[in-house]
Amino acid sequence: MTAFTVGPGRSRHLAGTGTLLRFALRRDRLMVPVWIAVTALMVLSMPGTLEGLYRTPAERADLIRQMETNSSLRAMVGPVFGDSLGALTAWRVGVYAGALAAVMSLLVVVRHTRDEEESGRQELVASGAVGRRASLTAALLAAAVANAVLALLVTAGLAGQGTTGALALGLGVAAVGMVVATLAAIVAQLTESARLARGLTAAVLGAAFVLRAAGDSGTDDGSSVLTWLSPLGWLENLRPYAGERWWVLALFAGAVALQGGAAYVLAGRRDLGMSFLPTRPGPASGRLGTAGALAWRLQRGGVLGWSIGFFLAGVVYGGMTEGAAELVGDNEGARRIIERMGGQSGLTDAFLASMIGMLGLVATLFIVSSVLRLHGEETSGRAEPVLANAVGRLRWAAGHLMIAFGGAALIMLLAGLGFAVGYGRQTGPVLGACLAQLPAVWVVGGVAVLLHGALPRAAMAAWGVAGAVLLIGWVGPALDVPQVVLDVSPFGHLPKLPGGSMEWGPALTLTGVAVVLVAAGLTALRRRDMTA
C-alpha cells in the first residue's frame, strides 16, 4: 500500500477518525486535564509572584543585569528580554511550560498509537470501518485539542499583561507540545514497544533542553546556534512581551508539518503491530528465570534514563547554588519564597533544599510510571502467560514494585551525588537530604499500587495524583498558600534539608502509610479478576 492516495482513497484511510478522537478524549478525561491545569496554573500564578518580588523598575533592571552575567541561571531558565511582568513571566516559566506541554503530548500520542497496537486493541478496532491512518490522526488531533485548550487558558489568563504577548506565549507553549507530539508519532512507527517510544521521545526532549541550556549559558540574547537547534529555544526566541518575533512560529509549523508527514508515510509502509526497529529477542532462561529478572529486563532502560537525568540535574543545580544566592541578594520576596520551599536556614542551604525538593517531586513521575508498568502488562495480556506458570500474582507484582521503589531510591541517591559534584561541598548532608524525600515519593507510589490493585480501570488516575502533588509543591510556595493546603501533599510533612534538623517522626509515618497502601493494593490485586 502506498503512503498516500488521492481522491476518495484518502478519505477512506481516515474513516472513523471522529469516533476514535471522541474515544481518545474520553479515555484522557483524567490525565490530560491535570496536565493542563498544572501547566496553566504554573504560568498564570507567576505575574502576581513576580510583582511581589520585583516591585520597582530599578529592581527589575538589576535582575536583568545580574542575569546577563549569571550563565548558570541562564542555563536553567533562559535570558531575560524585557522588564515587564509579562516578559518576566515568559522568562521564568516559558521553557518549563513548554516542556510540560511536550510531556503531555508525547504521552497522549504514544498511548493512542503504539500502546493500542501493543495491547492488541488496535487490531480489533481496525477490523471495523476504520481507516488505516485514522488512529494516528485521532492521536494527533487529541494532542492538538489538549494543546489548544492550554494555549487558550494561558492567553486568557495573561491577557491583563498584554493581549499580544499572552497570545504569543500561549501559541509558543502549544507549538512546542505539537512538535513533540509529531515527533512521538514518528517514534511510535519506528519502535515496537510503547515503553521504548515514550523513552526515546523523552530522551530527545531532554536533549532539546540540554541544547537550549548550553546555548543560553554562553549568550545572553538567545542567539546561540545550540539554542536555535532546540524547539524550547524557539519558544524563548519568540520573545513574548518583548517585541514578538512572529516569524518563529513558522519554524514550529514547518517542524510539525514535516514530522507529521513523515509519521503518515511510515504508518503507510508497515503492517499493524510491526515496526521499523524490531525488538531484539532476549534469552528464554538464565537471567529471565524469575519474575523479578523479567521485571528488571522490562524496566532497566527507564531506570537507566532516569538515573542519568537525575545525576545530571544534580550537577547542574549544584553548580547553580552560589549563583542563585548572589541573584537573590537583598530581595526579600525572593528570599521568602526560597525559604518557604527550603526552610529557614541560610540562603544557600534553603536553595539546595528547594532544588532537592523539586527533584523529589519529579521522582513521583518515575515511581508512578514504574508502578503502572504492572497495569500495562496486565491490560496488554502479557501478564497472563507469566501467571499461567508457577508464578503467583504477588511474586509477579513484587518484581515490578522492587524496581519502582528501589529505583526511586537509586535516582535520588544519584541526584545527591550530582549535587555533591556540582556544589563541591556538604556531600553527606546533601545525600541525606535527597534520601529524606523518599518517604513522600513512596506514598505517591503506594497510591498508584492501591489504584491498580483495587480500581484497575482507574489506575491512570495515579498520574492525576502525581500532577496534584507537583502543582502544590511548585506553585503553592510562590502563591503563599496556607500551610493546610501544602500539608495535603506528603512532601509538606518532610523536614527541610540540608540546614534543618532531621525529623524522624513524619518520615517514619509517611513510610508506614506507603507500606499500608502497598499492602492494601496487593491484597486487592490478589482477590480481583485480571483485566484485559
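A residue counts as buried here when its relative accessible area is under 20%. Keep that cut-off in mind for this tour, and remember that the model you have open is predicted.

**Stop 1: Leu298**

Select Leu298, in helix H16, which runs over residues 291-328. Is this residue buried or exposed? Its relative accessible area is 14%, so Leu298 is buried. Now show what touches Leu298: leaving out neighbours within four places in sequence, you should find Arg195, Arg373, Glu377 and His400. Pick His400 from that set and look at the C-alpha atoms. Leu298 and His400 sit 102 residues apart in sequence, yet their C-alpha atoms are 9.0 Å apart in space.

**Stop 2: the whole chain**

Zoom out and switch to a cartoon view. You'll be looking at 26 helices and 0 strands. Of the 532 residues in the chain, 53% are buried. Contacts between residues far along the sequence have a big part here: among contacts with a separation of 6 or more, 76% join residues 24 or more positions apart. Turn on the surface too. The accessible surface comes to about 21,900 Å², and carbon and sulfur atoms account for 66% of that.

**Stop 3: His375**

Next, select His375 in helix H19, residues 373-379. His375 is buried, because its relative accessible area is 13%. Which residues does His375 touch, beyond those up to four places away in sequence? Light up His452, Pro456, Ala459 and Met460.

**Stop 4: the largest cavity**

Time for some empty space. Rolling a probe the size of a water molecule over the atoms shows where such space is left. In this model there are 3 cavities of 30 Å³ or more. Go to the largest cavity, which holds about 130 Å³. Its lining is made up of 15 residues, and Pro79, Phe81, Ala90, Trp91 and Glu236 lie nearest the centre. Two elements each give two or more residues to this lining: helix H7 (85-111) and H14. Colour H7 if you want the largest share, since 5 of the lining residues come from there.

**Stop 5: Glu236**

Stay at the cavity and select Glu236, one of the residues nearest its centre. Glu236 belongs to helix H14, residues 231-237. What is the nearest side chain of opposite charge? That's Arg212, 4.2 Å away, and Glu236 is buried with no salt bridge. A salt bridge here needs the side-chain nitrogen within 4 Å of a carboxyl oxygen. Arg212 does touch Glu236, as do Gly78, Pro79, Phe81, Val95, Asp216, Gly222 and Thr227, again setting aside residues up to four places away in sequence. Two of these contacts, Pro79 and Phe81, should look familiar from the cavity lining.

**Stop 6: the loop after H14**

Follow the chain out of H14 into the loop that leads to helix H15 (248-267), and stop at Arg239. What is its phi? Near 55 degrees, a positive value in a residue other than glycine. Most residues other than glycine have a negative phi. Arg239 is also buried, because its relative accessible area is 17%.

Then step along to Tyr241, also in the loop between H14 and H15. The phi of Tyr241 is near 65 degrees, another positive value outside glycine. With a relative accessible area of 14%, Tyr241 is buried. Show the backbone of Arg239 and Tyr241 together, and end the tour there.

Definitions and conventions: Residues numbered from 1 in each chain as written. Predicted model: local features only at pLDDT ≥ 70, side-chain atom pairs only at ≥ 80, totals over all residues. Heavy atoms only, no water. Helix = DSSP H or I, 4+ residues; strand = E, 2+ residues; numbered from the N terminus. Buried < 20%, exposed > 50% of the residue type's maximum accessible area, 1.4 Å probe, protein only. Contact = heavy atoms within 4.5 Å. Areas by Shrake-Rupley, 256 points an atom, 1.4 Å probe, with all protein chains shown as cover. Lys, Arg positive; Asp, Glu negative; His and termini not counted. 1 Å grid on protein atoms, 1.4 Å probe; cavity = no way out; pocket = protein on both sides within 12 Å on 5 of 7 lines; lining within 4 Å. Points joined across faces, edges and corners; volume = space filled by probe spheres on them.
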